[in-house]
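Here's a quick tour of a protein chain for anyone new to reading structures. Have a look at the picture first, then work through the points below.

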Amino acid sequence: MQAIRSILVVIEPEHSESLALKRAKLIAGVTQAHLHLLVCDRKHDHSGMLGVLKAALLEDGYSVTTEQAWNESLHETIVDVQQAEGCGLVVKQHYPDSSLKKALLTPADWKLLRSCPTPVLLVKTSKPWTGGVILAAIDVGNTDNEHRHLHNTIIDYGYDIASLAKAHLHVVSAHPSPMLSAADPTLQLSETIEARYREQCRAFQAEFDIDDEHLHIEEGPADVLIPFMVHKLQAAVTVIGTVARSGLSGALIGNTAEVVLDAVESDVLVLKPQEIEDHLEEIVSHH
């Protein structure tokens, strides 16, 4: 996170108290990153409001630029500006859609998560980060290279946020329920599955310096376990990664992140493996 030189902050004119800007200021205050404020609107002129925000930020010592833009859709506008400005992080407030609307339309924030080549921080609560809990969600059972790199990224970002917010990093990993039909006998009993996971976690814990107290391994699906742990620990931020499931041209995001996004009572930082980021960069640059 220290490497992020520029942050794109999506400003929603109808919500005067911008939680996205509040979070971006906290990060930029520590990393000295530049803030680029964006209003996505083709109809109304928001230059007055952007001018007021910019003046206040400059007075507080932030480096800041502003822009109003629109291109086809909300997520495309954001990605276009992110590319043009070379921003390494997008911060946006998340407003959940109704389940009826979600059944009919893919929510804009899901589209943003699928198409944006950089990390996206979706702000959901006004809960202070300082002194709180940062929860990094990983899948310890997956040790292929793509997942290993993604785990490294998730933990690195988790530590970065914990250090800038003087917060505590916890790590959660779900493990599968026993399957009596499993060919591998260790996958037939809860105890043996958990033991195997704990074993895989030992190496992981040693590598990232995470003690037992800050590691939570539970049985069950990740999309149920992560919101449960967020609630239990009262986490302020959940850091989650996504790996391509069906080839890079398919849906680029595992739907766990999308389900978790609406289910958790915390801000959510979504990260992608380098290969997917590179691939998305390529797609966007060809448009």
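Let's start in the middle of a sheet, where Val-91 stands opposite Leu-121 in β5. Keep in mind that this is a predicted model, so local features need pLDDT of at least 70 and side-chain atom pairs count only at pLDDT 80 or more, while totals for chains, interfaces and linings use all residues. Residues are numbered from 1 along each chain as its sequence is written, and side-chain values use heavy atoms, with hydrogens and water left out.

**Strand β5 and its neighbours**

- Helices (H or I, at least four residues) and strands (E, at least two) are DSSP runs, numbered from the N terminus.
- Strand β4 (residues 89–93) pairs with β5 in the parallel sense, over 4 bridges; two strands count as paired if DSSP finds at least two bridges between them.
- Strand β10 (residues 267–271) pairs with β5 too, but in the antiparallel sense and over 3 bridges.
- In that antiparallel pairing, Leu-122 stands opposite Val-268 in β10.
- Which way do the side chains of β5 (residues 120–123) point? Val-120 and Leu-122 go one way, Leu-121 and Val-123 go the other, and all are buried.
- "Buried" means under 20% relative accessible area, "exposed" means over 50%, and "partly exposed" is in between (1.4 Å probe, protein chains only).
- Val-123 is buried with a relative accessible area of 0%.
- The C-alpha atoms of Val-123 and Asp-267 are separated by 4.6 Å, although these residues are 144 apart along the chain.

**Salt bridges**

- Side chains of opposite charge can pair when their charged atoms come close.
- A salt bridge here is a side-chain nitrogen of Lys or Arg within 4 Å of a carboxyl oxygen of Asp or Glu, and the count comes to 4.
- One of them joins Lys-92 and Glu-12 (3.5 Å, N to O). This pair links distant parts of the chain, with Lys-92 in strand β4 and Glu-12 in the loop between β1 (6–10) and α1 (19–31), 80 residues apart.
- Lys-92 also forms a salt bridge with Asp-109, with the closest N and O atoms 2.9 Å apart. Lys-92 lies in strand β4 and Asp-109 in helix α5 (residues 108–115), so the pair ties together parts that are 17 residues apart in sequence.
- Put together, Glu-12, Lys-92 and Asp-109 are linked in a network of salt bridges.
- Are these residues buried or exposed? Lys-92 and Glu-12 are both buried, and Asp-109 is buried as well, at 5% relative accessible area.
- Arg-23 and Asp-267 meet in another salt bridge (2.6 Å, N to O). Arg-23 is in helix α1 and Asp-267 in strand β10, 244 residues apart.
- Both Arg-23 and Asp-267 are buried.

**Two glutamines in loops**

- Gln-32 has a phi near 65 degrees, a positive value in a residue other than glycine.
- Gln-32 sits in the loop between α1 and β2 (34–40), and at 60% relative accessibility Gln-32 counts as exposed.
- Gln-234 has a positive phi too, near 55 degrees.
- The home of Gln-234 is the loop between α8 (222–233) and β9 (237–241), where Gln-234 is partly exposed at 45% relative accessible area.
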